[in-house]
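Dear colleague,

Here is the structure I said I would pass on. My notes on it follow underneath.

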Amino acid sequence: MFRKFKEEYRSSLKSMDTEEHIDLAFYRPIGFAWACLAARFGVSPNAITIASIFLGVGAGILFYYPTLWINVIGMLLLVWANSFDSADGQLARMTRQYSRLGRILDGLSGDFWFIAIYVAICLRENTFSPFFSAHPWIIWTGAVVTGICHAKQAAMADYYRQFHLYFLKGEEGSELESTSDLRHQMQENGVTWKSHFWRRLTLAFYLSYTRQQEATSPAMQALRRELKARFGHHALSKEFREAFREASLPLMKYTNILSFNWRTIALFTSLFIGQPWIYFAFELTVLNNLLIYMIQRHEAICRYFTCELKDGKF
């Protein structure tokens, strides 16, 4: 019984390569419990994602108040929202209810949380901070720039994680996309604005998201083209998959730092000391520098393996 339960739990995870320690110790077990409950009552992954949006936005609203106990309730709501964010993916893997809409919703949920959090911090500082109330444009400008950086950090962390999963588990175990494939799917399925407005809108949003990821990783795109030319639609050689996985694995810890847990530790710390603007400074300095380092490292790895393929070493 316990062995079966453990196997079901392990199957609900993406992979041990890409899981973060805090998630494994806290969010994944809680998420698995929510997923099992949802599966029992027939609740879909998308329903859990939508519920997480309301919880996360509610948390952001409570961060407006400069009262610690209210902020703590907001922190608990945000933790609850993230446990749901974990549960929706685990439920999808357990029940094989995968969908592109679910993936987009999952990404948007975090955007809604942090938009609410950023707006709450700005309103709070403009209302209760003598400095920012005298210079409101500073905190709003900081929030906009931080939000843009946050979106880039999260997008590239997810992209590198999916690329790693592609070599670890193949296409079936990864959600790696390309703009050419997305355009082809729209044309092949006749998805037009007139006949399938909402589906076209969803795909257009996802296409723009994927295009930005590709534009930031030219060496990765060169490697993908070389792999397609070398292997076509056949499976990659085991030797190449293992070599790339070994090189990519050390970078997975950086993708995890750029995800939810470490940024919320910084957020909660700034709220505990009553200086929420520090969270913006953390994202703009620490996380941006980490993003730049991660991009440079990953691009270097991709250039190396592209050269290895061209030289016929795999």
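**Overall fold**

Read from start to end of the sequence, the chain runs α-α-α-α-α-α-α-α-α-α-α-α-α-α. That makes 14 helices and zero strands. Please keep in mind that this is a predicted model.

The radius of gyration of the chain is 21 Å, and the globule rule gives 20 Å for 314 residues, so the chain is as compact as a globular protein of that length. Along the principal axes, the C-alpha atoms fill a box of roughly 65 × 50 × 45 Å.

**Packing and surface**

Of the 314 residues in the chain, 46% are buried. Taking contacts between residues at least 6 apart in sequence, 78% of them join residues that are at least 24 apart.

The chain has an accessible surface of about 16400 Å², and carbon and sulfur atoms account for 64% of that surface. As for charge, the chain carries 33 positive and 27 negative charges, and the mean positions of the two sets lie 2 Å apart.

**One residue: Q221**

Where does Q221 sit? Q221 belongs to helix α10, which spans residues 218–231. Is Q221 buried or exposed? The relative accessible area of Q221 is 11%, and buried means under 20%, so Q221 counts as buried. Which residues does Q221 touch, leaving aside its neighbours within four places in sequence? Q221 is in contact with Y159 and E214.

Regards

Note on methods. Residues numbered from 1 in each chain as written. Predicted model: local features only at pLDDT ≥ 70, side-chain atom pairs only at ≥ 80, totals over all residues. Heavy atoms only, no water. Helix = DSSP H or I, 4+ residues; strand = E, 2+ residues; numbered from the N terminus. Rg over C-alpha atoms; globule rule 2.2 N^0.38 Å. Buried < 20%, exposed > 50% of the residue type's maximum accessible area, 1.4 Å probe, protein only. Contact = heavy atoms within 4.5 Å. Areas by Shrake-Rupley, 256 points an atom, 1.4 Å probe, with all protein chains shown as cover. Lys, Arg positive; Asp, Glu negative; His and termini not counted. Charge placed at Lys NZ, Arg CZ, Asp CG, Glu CD.
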